[in-house]
Amino acid sequence: MRRPAVLFLVFLALLLLTTGCWSRRELNDLAIVTAIGVDKIDNKVHLSVQVADPGEVAAQKATSGRAPVTMYHAKGDTVFEAIRRMTTVTPRKLYFSHLRIFVISEEVARDGIGKILDLFSRDHEIRTDFYMVVSKGSSAKDVLSVLTPLEKIPATKLYTSLEVSEKAWAPTVSIQLDELLTDLVSEGKQAVMTGIRIQGDRQASKGRQNIEAIDPPSNLQYEGIAVFRKDKLIGWLNEDESKGFSDLTDRLNSSVIEIACPKGGKMGVEIIRSETKVKGKVSGEKPEVEVSVHTEANVADVECEVDLTKTKSIYDLEKRVEQVMKNNAERAVSKAKQLQSDVFGFGQSIHRSDPKYWKKAKKDWNKIFPDLAVKINVDVKIRRLGTISDSFLNKIKE
């Protein structure tokens with residue numbers, strides 16, 4: 001019972017009972033929804049909900065053979081209609097206050113997500129601290145149907161995996177509903193969401209073999225960042241561009257930068273902290289933005305011949321890392337300009353620096369943004385070399 005999912009359900013039950021919000025009988029009448037998926041079928045909203053089975057999750061050893069979660073589906077002209085129609089198949093009332101993940105299919109995202117999200121921003125029972133993602137190459141229903149190893153509740157796996165990857169990797173961003181809604185209505189900044197896809201055998205992902213095999217035939221993997229213009233998905237950032245996005249928006253916590261060594265081979269550098277500052281200005285009716293990224297890093301992996309005891313080697317390493325980070329950032333800006341979507345919030349920087357200019361330019365910012373002059377400065381400092389300075393590879397005798 002060490003699983004976070006178990007603790008989550010125990011905490012939920014104790015909270016509801018001790019606060020007097022629900023009696024034990026009323027709690028037994030609730031179906032705790034952990035994830036929602038939205039697809040479009042025959043011009044109707046197709047809603048899928050993932051409901052946790054507390055008995056199967058809490059049991060140290062499952063004996064019933066039931067899955068730890070159950071999926072329910074319904075169609076409707078609106079999201080609310082689909083939810084109410086679902087009562088014809090669910091044995092309990094759906095309870096959305098502990099939602100962890102919200103999956104929107106790529107088809108729905110390209111048509112527009114505004115109408116889909118209205119109910120979840122309006123309903124008083126629904127909190128906004130769940131994560132929003134876009135499914136790539138498969139329906140939201142299929143994503144939520146994947147059984148996951150280690151975590152009994154797939155929604156918990158999706159939630160924690162997104163948090164961990166954002167903090168340790170960088171090409172992913174954890175976007176909650178309130179932040180997404182703010183970006184959708186903000187002037188000078190467009191919305192983004194992380195993409196998710198099914199990796200491996202999709203058919204096997206729905207069976208118990210996916211959690212019984214030592215090497216699962218299928219996994220859920222976060223991949224790329226979805227770029228929006230207004231409330232519609234218009235394109236994707238690849239891995240390098242997504243890293244650049246994290247750099248430019250001050251979301252970089254930690255990541256790995258791989259660089260080529262002067263004499264061949266590779267080196268891995270771990271980013272340990274980073275800070276980004278954006279300044280906007282208007283010169284002669286032409287907006288400009290300057291981005292300064294200050295990063296600290298450690299040497300993590302040396303797979304080549306290089307003498308790190310020399311100051312010059314460290315200096316050269318810092319410059320190489322700076323160039324990689326700058327290239328990633330420039331690629332991200334180039335792709336965003338191509339898509340005519342300011343996902344970095346550069347327009348907000350221009351607004352802060354020159355409100356008078358912004359008042360005239362905001363209506364046409366999507367057209368002005370592709371010609372925006374963006375200067376990117378990256379400063380990297382290597383702080384540590386690990387437990388050894390010079391690599392033992394340099395001492396291996398031929």
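This passage looks at salt bridges in a predicted model, and at how exposed some of the residues in them are.

Counting by the usual distance rule, the model turns up 20 salt bridges. Three of these pairs, each within a helix, are worth walking through, along with one network.

Starting with helix 4, which covers residues 79-85, Arg85 and Glu81 sit four residues apart, or about one turn of the helix. Their side chains pair up in a salt bridge, with an N to O distance of 3.1 Å. Arg85 comes out as partly exposed because its relative accessibility is 41%, and Glu81 is also partly exposed, at 27%.

Helix 5 (residues 106-111) holds Glu106 and Arg110, again four residues apart and so about one turn of the helix. Here the side chains meet in a salt bridge at 3.0 Å, N to O. Glu106 has a relative accessibility of 22%, so this residue counts as partly exposed; the cut-off for buried is under 20%. Its partner Arg110 is partly exposed as well, with a relative accessible area of 37%.

Further along, helix 12 runs over residues 311-339 and contains both Asp316 and Lys312, with a spacing of four residues, about one turn of the helix. The closest N and O atoms of this salt bridge are 2.9 Å apart. Asp316 is partly exposed at 31% relative accessible area. Lys312, on the other hand, counts as exposed because its relative accessibility is 58%, and the line for exposed is drawn at over 50%.

Not everything comes as a simple pair: Lys136, Arg197 and Glu223 are joined in a network of salt bridges.

How values were computed
Residues numbered from 1 in each chain as written. Predicted model: local features only at pLDDT ≥ 70, side-chain atom pairs only at ≥ 80, totals over all residues. Heavy atoms only, no water. Salt bridge = Lys/Arg side-chain N within 4 Å of Asp/Glu carboxyl O. Helix = DSSP H or I, 4+ residues; strand = E, 2+ residues; numbered from the N terminus. Buried < 20%, exposed > 50% of the residue type's maximum accessible area, 1.4 Å probe, protein only.
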